[in-house]
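Visitor: I have a structure open in front of me, and I would like to learn how to read it. Could you walk me through it?

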Protein chains: 2
Amino acid sequence: MSAVPMNFESQPLDMNLWSQNHLARVEQALSQWVGDGAPAGLGDAMRYAVLDGGKRLRPLLVLAAYEAVCSGAPASAVVDDAALRAGLGEAALRAACAVELIHAYSLVHDDMPCMDNDVLRRGKPTVHVVFGEAQAMLAGDAMQALAFEVLTPDAGEGAGVPADLQARLVRILARASGQAGMAGGQAIDLASVGQALDEATLRDMHRRKTGALLRASVQMGAACGGLQADCVAWQALTAYGHAMGLAFQIVDDVLDATQPSDTLGKTAGKDADANKPTYVSLLGLDGARQEADALLAQALSALSRSGLADAALQPLSDLAHRIVHRDH
Amino acid sequence: MSAVPMNFESQPLDMNLWSQNHLARVEQALSQWVGDGAPAGLGDAMRYAVLDGGKRLRPLLVLAAYEAVCSGAPASAVVDDAALRAGLGEAALRAACAVELIHAYSLVHDDMPCMDNDVLRRGKPTVHVVFGEAQAMLAGDAMQALAFEVLTPDAGEGAGVPADLQARLVRILARASGQAGMAGGQAIDLASVGQALDEATLRDMHRRKTGALLRASVQMGAACGGLQADCVAWQALTAYGHAMGLAFQIVDDVLDATQPSDTLGKTAGKDADANKPTYVSLLGLDGARQEADALLAQALSALSRSGLADAALQPLSDLAHRIVHRDH
């Protein structure tokens with residue numbers, strides 16, 4: 001399960017193949033960990049919530065950022081020690097799974113009747129519809145804990161992820177998902193129904209609710225690649241993650257307003273129905289699309305000033321295009 | 001905020017004073033962290049759920065185990081480096097707060113209408129009654145994330161908790177609270193309503209639901225004191241934690257069956273009303289009390305074979321008596 005960086009020098013990367021390979025590794029790892037040791041009902045609910053579903057955008061961002069640093073850093077920064085290199089690859093895979101677990105738990109809780117009361121997600125009935133509300137809440141709770149379990153293997157598990165990297169990954173992920181991050185953003189969202197939010201508040205909400213976890217994905221990958229938090233490449237990748245976090249939400253709002261439910265795999269038009277403020281209600285459809293394009297340009301510009309080799313940045317660049325130009 | 005071990009040699013410890021001092025430190029630290037950076041509504045719900053309430057048994061177990069190791073280990077094992085010692089004390093305080101955050105989040109979610117539907121906790125209306133179900137669910141989610149934030153301070157925060165200790169504490173706490181631990185136990189509980197559980201299943205449920213977190217409290221304290229997982233003292237403290245976990249739940253069942261709500265600060269007799277299996281329904285009142293006393297004896301016996309100095313074990317010994325002989 002170690003992540004061997006691909007050889008970017010030889011030929012342009014086939015991004016479909018790249019995604020397929022990486023998604024298969026993530027799916028395999030998740031299916032090994034999710035529900036392991038859980039009583040039957042809880043394990044079933046967790047597997048239903050996590051496996052075989054979703055675009056896995058956050059795991060791909062982790063792995064793309066990791067490989068950008070591994071393959072794209074100056075030769076002097078390359079890790080010589082094979083065991084350490086295997087440990088870093090293992091860490092990147094674990095980080096990819098952990099961030100998906102946090103994302104998936106937030107969807108389970110978000111869909112519950114006391115929150116968005118949604119019955120459709122990823123084209124399937126939501127977890128509480130299938131397993132009941134109590135089991136859905138517990139499954140979400142256990143998925144959050146599992147994210148932090150996955151990040152902290154002991155010496156007998158995995159390929160020896162360095163302890164300081166384990167602690168750093170937990171630090172990044174917990175902050176991004178907690179009171180000042182994702183959960184905080186959801187609380188602002190909750191309070192905003194029927195309110196006229198100004199643009200600054202809307203941006204703050206989305207910076208926390210969606211943006212924090214997307215940015216954390218990029219940072220976790222970069223941390224697995226060995227980047228220190230104060231270097232130029234770290235700051236450039238963080239700026240990329242920040243722009244992508246905003247762009248993702250803007251495109252989400254555009255799709256919610258323009259696509260039917262069966263394309264989205266979830267109930268469309270809910271935000272407008274709930275009189276929730278969105279980028280579309282604030283900027284209009286055209287304005288929102290222009291803003292997403294501007295953020296794409298910002299993200300690509302950030303990559304170009306990272307100091308990492310162009311070829312190694314191809315997956316991150318491709319993911320940025322996919323985020324902005326997706327249709328569901 | 002460093003935890004300076006008290007001088008156990010000079011005179012018997014005043015355990016009321018010991019508890020008061022340690023509870024004040026935990027309360028002060030929690031009040032600094034809970035809600036920090038959260039939007040107003042979420043922060044209010046979190047503070048309501050965590051601050052000024054509860055017996056804080058788990059934090060006291062963390063700190064008692066930490067001090068037992070710091071003060072009671074052979075002189076050769078004592079940490080000479082003052083900065084490292086301060087870092088370990090800081091880690092113990094953080095571990096104490098983290099385990100309380102996990103415990104408090106589980107109560108918030110447990111009390112919700114889709115779970116136990118309880119309106120009274122620690123003598124106050126439950127979180128969802130005051131703040132609504134959506135905010136209660138989010139507050140619980142954010143409290144779980146905060147537990148892991150608190151365990152992973154960066155270099156600029158706190159007194160320099162070593163990275164390997166940070167990772168180890170996350171590992172212990174995440175496993176104890178997740179799919180194979182607390183959340184798993186709650187799922188068994190959920191499935192058990194109206195079922196005739198045998199004693200083995202009841203014990204398995206409580207080992208996960210309550211026992212795992214109590215045992216983790218002792219282990220986290222021991223880890224902060226520097227104990228390796230394979231040594232005699234670690235195994236003895238783990239056995240102590242295991243016995244206390246079971247005893248706690250048995251006494252809980254006895255109190256639920258015998259004490260009025262205003263003494264407990266929560267709704268009494270709910271388990272029997274819900275036809276839930278309990279130690280009292282399984283063993284009878286007298287049998288349950290005898291079992292609790294036997295577990296107390298086991299716990300004290302485990303302490304005595306830990307190899308730690310008797311005087312240093314006094315807080316753990318006192319907490320064991322308090323757990324078994326409490327009246328609420």
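Guide: Let's go through it by topic, keeping in mind that this is a predicted model.

Visitor: Let's begin with the two chains. What rotation superposes chain B on chain A?

Guide: Look for a turn that lays one copy over the other, and check for any slide along the axis. Here a rotation of 180° with 0.0 Å of shift along its axis does it, at an RMSD of 0.0 Å. That is how a two-fold axis relates its copies. To find the axis from chain B, go to B:Ala167: its C-alpha is the nearest in that chain, 2.5 Å from the axis.

Visitor: How many residues does each chain bring to the contact?

Guide: Chain B supplies 45 residues and chain A supplies 45 residues. On the side of chain B that touches chain A, the elements giving two or more residues are α2 (40-50), α6, α7 (163-177) and α8 (182-192). Of these, α6(B) gives the most, with twelve residues. Also, 100% of the interface residues of chain B are interface residues in chain A too, so the copies meet through the same surface.

Visitor: Then α6 deserves a look. How do the α6 helices of the two chains cross?

Guide: For a helix pair, ask about distance, angle and handedness. The axes of α6 (residues 133-150) in chain A and α6 (residues 133-150) in chain B come within 10 Å and cross at roughly 15°. Angles under 35 degrees count as roughly parallel, and α6(A) and α6(B) are therefore roughly parallel to each other. The crossing is right-handed. Met137, Asp141, Gln144 and Phe148 make this contact, from α6(A) as A:Met137, A:Asp141, A:Gln144 and A:Phe148, and from α6(B) as B:Met137, B:Asp141, B:Gln144 and B:Phe148.

Visitor: Which residues have the most contacts inside the largest nonpolar core?

Guide: They are A:Leu173, A:Ala247, B:Leu173 and B:Ala247, in a core of 219 residues. Take B:Ala247: leaving out residues up to four places away in sequence, B:Ala247 touches B:Ala292, B:Leu295, B:Leu296, B:Ile323 and B:Val324.

Visitor: Now the backbone. Where does A:Arg56 lie, and is A:Arg56 buried or exposed?

Guide: A:Arg56 sits in the loop between α2 (40-50) and α3 (57-72) of chain A. Its phi is near 60°, a positive value in a residue other than glycine. A:Arg56 counts as buried because it has 21 C-beta neighbours inside 10 Å.

Visitor: And what is the phi of A:Asn117?

Guide: A:Asn117 has a positive phi of about 50°, although it is not a glycine. A:Asn117 belongs to the loop between α4 (82-110) and β1 (120-121) of chain A. With 14 C-beta neighbours inside 10 Å, A:Asn117 counts as partly exposed.

How values were computed
Residues numbered from 1 in each chain as written. Chains lettered and ligands numbered in written order. Predicted model: local features only at pLDDT ≥ 70, side-chain atom pairs only at ≥ 80, totals over all residues. Least-squares fit on C-alpha atoms with pLDDT ≥ 70 in both. Contact = placed C-beta atoms within 7 Å. Core = buried A, V, L, I, M, F, W, Y, C linked by C-beta atoms within 7 Å. Buried ≥ 20, exposed ≤ 12 C-beta atoms within 10 Å, placed from the backbone. Axes fitted to C-alpha atoms, helices over the stretch in contact; angles between N-to-C directions. Helix = DSSP H or I, 4+ residues; strand = E, 2+ residues; numbered from the N terminus. Parallel < 35°, antiparallel > 145°, perpendicular 65-115°, else oblique. Left-handed = near helix turned anticlockwise from the far one by under 90°.
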